[in-house]
2 protein chains.
Amino acid sequence: MPPRPGLSKAELEIARIVWELKDAGVRQVFEALPPGRDIDFTTVQTYLRRLEEKGYLNARLEGRNRVYSPKVRPSTVIRETVGEMVDLLFGGDTMPLMKHLVEDRKFSSNDIEQLRQLLDRLEGGGDGK
Amino acid sequence: MPPRPGLSKAELEIARIVWELKDAGVRQVFEALPPGRDIDFTTVQTYLRRLEEKGYLNARLEGRNRVYSPKVRPSTVIRETVGEMVDLLFGGDTMPLMKHLVEDRKFSSNDIEQLRQLLDRLEGGGDGK
DNA sequence: TTGACTCAATTACAATTGTACGTCATCATG
DNA sequence: CATGATGACGTACAATTGTAATTGAGTCAA
């Protein structure tokens, strides 16, 4: 198969809502938009249709309503999106992104502790290259 | 001022080359493309022009050649791009991205050590919220 | 001095994206 | 039943993006 086409920003926004709702009709997604996000109902319809066409969502007919549910797992989309960004921004090298994040974004000491533990859990699993 | 329009993928690719070269004419950028990246000279020209229009690059005339140099610093572009992605993918929350990266990308034990040190250096500087 | 080249500048054009409209069917209710 | 709300579905359309062709001036070498 050809690799899935990527998601556009607006599509990603909508996909996230479906992931969260697990299972949702157009109206539900529409209503789950953050306040201030002012787009038309039919626009949401369009995004959902495109997401289905691109293979990211399943759609079934419930009565005469279309109900969408995730098809590709969020973690997959995240991996692809992040991977693409790492390629684009850092030539595929993850460490610079890590450095940027650690230095640039604010973490609470709680976060820092969590990160330490994540790293600890890694040790031994890595290929140690 | 209106906020700078974002960079497209192709533009980012070209911007990265300019950052690296510090100062470059179209030809140089063109030649710095990775082997296999097969786009036309004039296409590169177009991207550089757009980058200038969008305010990311400076251009000066050297003889009758246009020489481009960075105007917005890479770190700024990186911050914006990463920030946008964090918003889109994780609703603005950085930690899930960190987790994803740590769990999903392969790090050498050397990398892990470096990350630990980064975290250590943070402690005390963070707002500890 | 005539090609062969090289650039800049302009223009083009298809694909993708963000956004919405129009039409038609269905349903519930006054 | 007429009417208003709701949705599916198809269509539209401008902006952005990825990519290139065209045109015209300047430079170099034969």
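Which residues come nearest to DNA strand C? Of the 20 around the strand, they are Ser8(A), Asp40(A), Tyr47(A), Arg27(B) and Arg66(B). This is a predicted model, where local features need pLDDT of at least 70, side-chain atom pairs count only at pLDDT 80 or more, and totals for chains, interfaces and linings use all residues. Residues are numbered from 1 along each chain as its sequence is written, chains are lettered from A and ligands numbered from 1 in the order written, and side-chain values use heavy atoms, leaving out hydrogens and water.

**View 1. The surface near DNA strand C**. "Near" asks for a residue heavy atom within 4 Å of the strand. The residues here split into 10 charged, 6 polar and 4 nonpolar. H3(A) chips in the most, with 5 residues.

**View 2. Polar contacts with DNA strand C** (N or O atoms within 3.5 Å). A backbone N or O atom of Arg66(B) sits 2.5 Å from a phosphate oxygen, and a polar backbone atom of Asp40(A) is 2.7 Å from a phosphate oxygen. Thr46(A) goes for a base instead: a polar side-chain atom lies 2.9 Å from a base nitrogen.

**View 3. A salt bridge between Lys9(A) and Glu84(B)**. Here that means a Lys or Arg side-chain nitrogen within 4 Å of an Asp or Glu carboxyl oxygen. The closest N and O atoms are 2.9 Å apart. Lys9(A) lies in helix H1 of chain A and Glu84(B) in helix H4 of chain B, so the pair joins two chains.

**View 4. Asp104(A) meets Arg79(B)**. Their salt bridge spans 3.0 Å, N to O. Asp104(A) belongs to helix H5 of chain A and Arg79(B) to helix H4 of chain B, so this pair joins two chains.

Technical notes:
Polar contact = N/O pair within 3.5 Å; in protein donor to acceptor, adjacent residues only side chain to side chain. Helix = DSSP H or I, 4+ residues; strand = E, 2+ residues; numbered from the N terminus. Nonpolar A, V, L, I, M, F, W, Y, C, P; charged D, E, K, R; others polar.
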